[in-house]
Amino acid sequence: MKEFTIVRGLFDTRKRSLIIDENFIKFENKDHNNDLFTILNKEDIAGIRYGIHFIDGYRFTIGREYQFFIRDKSNKELKIFFKLFYRRKLDEKYQLYCDIIDELWDKFIGDICYDYYLKFKNNEKFSVCGIEIAEDRIRFDKKEIFFNDLELKQYHHYFMIFSKADHYKNKMLYYLKDKDAVILFSVLKTIIKDEQLRTKEISDRSVSAT
C-alpha cells in the first residue's frame, strides 16, 4: 500500500489522502466529514487516462494541472488532480505525478494490459481506444494494418500508429484525452515485440534447416 498527499491548488489547499493498494484505490475527494473518500476496488477498474493539462494565461502558459481519470466498469470516472502555477514546486509536483503513475501501473494498469494481451494470444477480437485488434492486424477508421507492417512512434503527450508501407494509414492518440490510450500503446508494443520474436524464431529455424 502506498499513500500520497494531494493538494489540489491555490483555492483548495486542503491536504487530501490518496491510497493506492493492490486491492483498491481510495481518494479523499469529498468535503463531507462523514463521507470523505471514494473507493474503487480493483475488480471494478476498467481503464485509465492521464496526462498534463497546461493552463494558459493571456500571453503565455501560467501553470499546469496533473490529471488522472480512473474509469470503472459502469463507465464512471474518478478524477484525481493537482495544479501548480508559475512553476512553483515544479519538480516536487512532477515527481508526485510520476510516482502516482508508477504505482498505478504496478497495482492495476499492468494487469489490465496483460489481460488484453492474453485475449490476443487466445485469438479473441477486442477493441481498445477505438482500435480493433484481431489475430494478425488492427482496424480503425475503415483502415487496417497488419502487425508486420505496424509502427508506433511515442511522444511526450501522445503516440502515433502508422503503416510502414503507407504513412497515410495513421492515427494519433493522446494519453490524456483518449480513453485507455496508455493501455493501447502498451498492448500494441508488447504484441509487436512478440511478433518480431516469433518471426525471428521462424527465420532461425529456416536457416538451421538448410
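How do the residues of the lining of the largest cavity divide into nonpolar, polar and charged? The residues divide into eight nonpolar, no polar and no charged, where Ala, Val, Leu, Ile, Met, Phe, Trp, Tyr, Cys and Pro count as nonpolar, Asp, Glu, Lys and Arg as charged, and the others, Gly among them, as polar. The structure is a predicted model, in which local features need pLDDT of at least 70 and side-chain atom pairs count only at pLDDT 80 or more, while totals for chains, interfaces and linings use all residues. Residues are numbered from 1 along each chain as its sequence is written, and side-chain values use heavy atoms, with hydrogens and water left out.

The analysis of empty space begins with this cavity. On a 1 Å grid over the protein atoms alone, a cavity is a set of points where a 1.4 Å probe fits but cannot get out; a pocket is an open set with protein on both sides within 12 Å along at least five of seven lines, and lining residues have an atom within 4 Å of a point. Grid points are joined across faces, edges and corners, and a volume is the space filled by probe spheres set on the points. One cavity of 30 Å³ or more is present, and the volume of the largest cavity is about 30 Å³. Its lining consists of Ile25, Ile45, Ile48, Ile70, Leu104, Phe108, Ile109 and Ile112. Two or more of these residues come from each of β5 and α1, and α1 gives the most, with four residues. Helices (H or I, at least four residues) and strands (E, at least two) are DSSP runs, numbered from the N terminus.

The largest pocket holds about 460 Å³ of space. It is lined by 22 residues, of which Tyr50, Tyr97, His156, His157 and Tyr175 are the closest to its centre. At least two lining residues are supplied by each of β5 (45–56), α1 and α2 (181–209), and the largest share, six residues, belongs to α1. By class, this lining has 14 nonpolar, five polar and three charged residues.

The second largest pocket has about 360 Å³ of space. Among its 13 lining residues, Val7, Lys83, Arg88, Lys89 and Lys93 are the closest to the centre. The elements β1 (2–9), β7 (77–85) and α1 each give two or more residues to this lining. Five of the lining residues of the second largest pocket are nonpolar, three polar and five charged.

Helix α1 also packs on two sheets. Two strands are taken to pair if DSSP finds at least two bridges between them. One open sheet has three strands in the order β5-β6-β7, with antiparallel pairing. β5 and β7 stand at its edges, each with a single partner strand, so one side of each is left without a neighbour in the sheet. Neighbouring strands of this sheet are turned by 10° against each other on average, direction ignored; axes are lines fitted to C-alpha atoms, for helices over the stretch in contact, and angles run from 0 to 180 degrees between N-to-C directions. Eleven bridges join β5 to strand β6 (residues 61–72) in the antiparallel sense, with Asp56 opposite Thr61 in β6. α1 packs on this sheet and touches β5, β6 and β7, and its direction makes about 160° with that of β5; contact means heavy atoms within 4.5 Å.

A further open sheet has four strands in the order β8-β9-β10-β11, again with antiparallel pairing. Here β8 and β11 stand at the edges, and each has a single partner strand, so one side of each lacks a neighbour in the sheet. The twist from one strand to the next averages 25°. β8 and strand β9 (residues 131–133) run antiparallel and are joined by three bridges, and the bridge partner of Val128 in β9 is Ile131. α1 packs on this sheet as well, touching β8 and β9, with its direction at about 145° to that of β8.

Strand β13 (residues 158–163) and strand β14 (residues 170–174) pair in the antiparallel sense over five bridges. These two strands form a hairpin with six residues between them, and Phe162 has Asn170 of β14 as its bridge partner.

Two loop residues have a backbone angle of note. Most residues other than glycine have a negative phi. Asn123, in the loop between α1 (90–121) and β8 (126–128), has a positive phi near 60°. Lys142, in the loop between β10 (137–140) and β11 (143–146), has a positive phi near 65°. Asn123 is exposed, with a relative accessible area of 52%, and Lys142 is exposed, with 92%. Buried means under 20% relative accessible area, exposed over 50%, and partly exposed in between (1.4 Å probe, protein chains only).
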